[in-house]
Amino acid sequence: MKQTRFSQLGLGEQFDFQGTTYVKTSPLIAQNVDAGNQRMIPRSALVTISENGAPGGETPAPQSVAASAVMKAVEDYHQSVSLSLSHYLQQLDTASWSTLRLELEQARSNCLKALGLEQS
């Protein structure tokens with residue numbers, strides 16, 4: 001049986017870890033096949049790919065999202081946070097609000113840069 005790191009498994013893939021069979025349900029969580037309880041598995045944990053593998057016996061293809069959809073989600077989130085902040089923080093003086101907006105813009109830029117979606 002093939003061994004790999006937990007982080008290399010696809011969602012829905014079955015594996016054995018410390019004598020128990022699990023299904024990967026998120027980047028850090030797996031569900032016990034028999035008991036149904038969940039457990040956090042370190043990303044670097046060495047696991048054995050189960051003979052059953054993923055449901056249907058195939059490893060699921062990694063999910064991909066179009067860059068335009070990611071960009072729209074980041075922009076929508078950014079706009080929503082900006083609007084919320086403007087409603088709740090009206091008591092801030094102009095200089096503090098300007099500083100906060102610059103920090104928010106920098107966080108947005110860092111997020112897009114990390115995703116490889118820098119705007120020109």
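Let's start at a turn. Strand 4 and strand 5 form a hairpin, with 5 residues between them. Glycine 36 sits in that turn, and its phi is positive, about 85°. Keep in mind that this is a predicted model.

Stay with these two strands. Strand 4 covers residues 29–32. Strand 4 and strand 5 run antiparallel, joined by 3 bridges. Where does glutamine 31 stand? Opposite glutamine 38, which belongs to strand 5.

Now look along strand 4 itself. In a regular strand, side chains alternate between the two faces of the sheet. Strand 4 shows this alternation. Ala30 and Asn32 point to one face, and they are buried. Ile29 and Gln31 point to the other face, and they are not buried.

Step back one strand. A hairpin also joins strand 3 to strand 4, this time through 4 residues. Strand 3 and strand 4 pair over 3 bridges, in the antiparallel sense. Tyrosine 22 stands opposite asparagine 32 of strand 4.

Now the whole sheet. How many strands form it, and in what order? There are 6 strands, in the order 1-6-2-3-4-5. The sheet is open, and the pairing is antiparallel. Strand 1, residues 3–5, and strand 5, residues 38–40, are the edge strands. Each of them pairs on one side only. From one strand to the next, the twist averages 45°. As a reminder, strands of a sheet pair through backbone hydrogen bonds, either parallel or antiparallel.

Where does the sheet fit in the chain? The protein has 2 helices and 6 strands. From the N terminus on, the elements run β-β-β-β-β-β-α-α.

Next, the core. Which residues make up the largest nonpolar core? There are 10 in all: Phe6, Leu9, Phe15, Phe17, Tyr22, Ala30, Ile41, Ala45, Val47 and Ile49. Two elements give two or more residues to this core: strand 2, residues 14–17, and strand 6, residues 46–49. You have met two of the core members already: Tyr22 and Ala30. Tyrosine 22 is the one opposite asparagine 32. Ala30 is on the buried face of strand 4.

One residue on the edge strand deserves a stop. Threonine 4 lies in strand 1. Is threonine 4 buried or exposed? It is buried, with a relative accessible area of 16%. Leaving aside residues up to four places away in sequence, threonine 4 touches Leu9, Ala45, Leu46, Val47 and Ile49.

Contrast that with glutamine 18. Glutamine 18 is in the loop between strand 2 and strand 3, and strand 3 covers residues 20–24. Glutamine 18 is exposed, with a relative accessible area of 61%. Its phi is positive, about 55°, although glutamine 18 is not a glycine. Most residues other than glycine have a negative phi.

Now to the helices, and to charge. Side chains of opposite charge can pair when their charged atoms come close. How many salt bridges does the structure hold? It holds 3.

Take lysine 72 and aspartate 76. They form a salt bridge, with the closest N and O atoms 2.8 Å apart. Both residues lie in helix 1, residues 67–88. They are 4 residues apart, about one turn of the helix. Aspartate 76 is partly exposed, at 38% relative accessibility.

Then arginine 108. Arginine 108 forms a salt bridge with glutamate 75, and the closest N and O atoms are 2.8 Å apart. This pair links distant parts of the chain. Arginine 108 is in helix 2, residues 94–114, and glutamate 75 is in helix 1, 33 residues apart. Arginine 108 counts as buried, at 14% relative accessibility. Glutamate 75 is partly exposed, at 23%.

Arginine 108 has another partner. Its side chain meets that of glutamate 105 in a salt bridge, 3.9 Å from N to O. Glutamate 105 and arginine 108 both lie in helix 2, 3 residues apart, about one turn. Glutamate 105 is partly exposed, at 34% relative accessibility. Together, Glu75, Glu105 and Arg108 are linked in a network of salt bridges.

Last, the overall figures. The protein has 120 residues, and buried residues make up 25% of them. About 8,400 Å² is exposed, and carbon and sulfur atoms supply 52% of that. Among contacts with a separation of 6 or more, 48% come from residues 24 or more positions apart.

Terms used: Residues are numbered from 1 along each chain as its sequence is written. This is a predicted model: local features need pLDDT of at least 70, side-chain atom pairs count only at pLDDT 80 or more; totals for chains, interfaces and linings use all residues. Side-chain values use heavy atoms; hydrogens and water are left out. Two strands pair if DSSP finds at least two bridges between them. Axes are lines fitted to C-alpha atoms, for helices over the stretch in contact, and angles run from 0 to 180 degrees between N-to-C directions. A nonpolar core is a set of buried Ala, Val, Leu, Ile, Met, Phe, Trp, Tyr and Cys residues joined through side-chain atoms within 4.5 Å. Buried means under 20% relative accessible area, exposed over 50%, partly exposed in between (1.4 Å probe, protein chains only). Contact means heavy atoms within 4.5 Å. Accessible areas come from the Shrake-Rupley method with a 1.4 Å probe; for residues, only the protein chains shown count as cover. A salt bridge is a side-chain nitrogen of Lys or Arg within 4 Å of a carboxyl oxygen of Asp or Glu.
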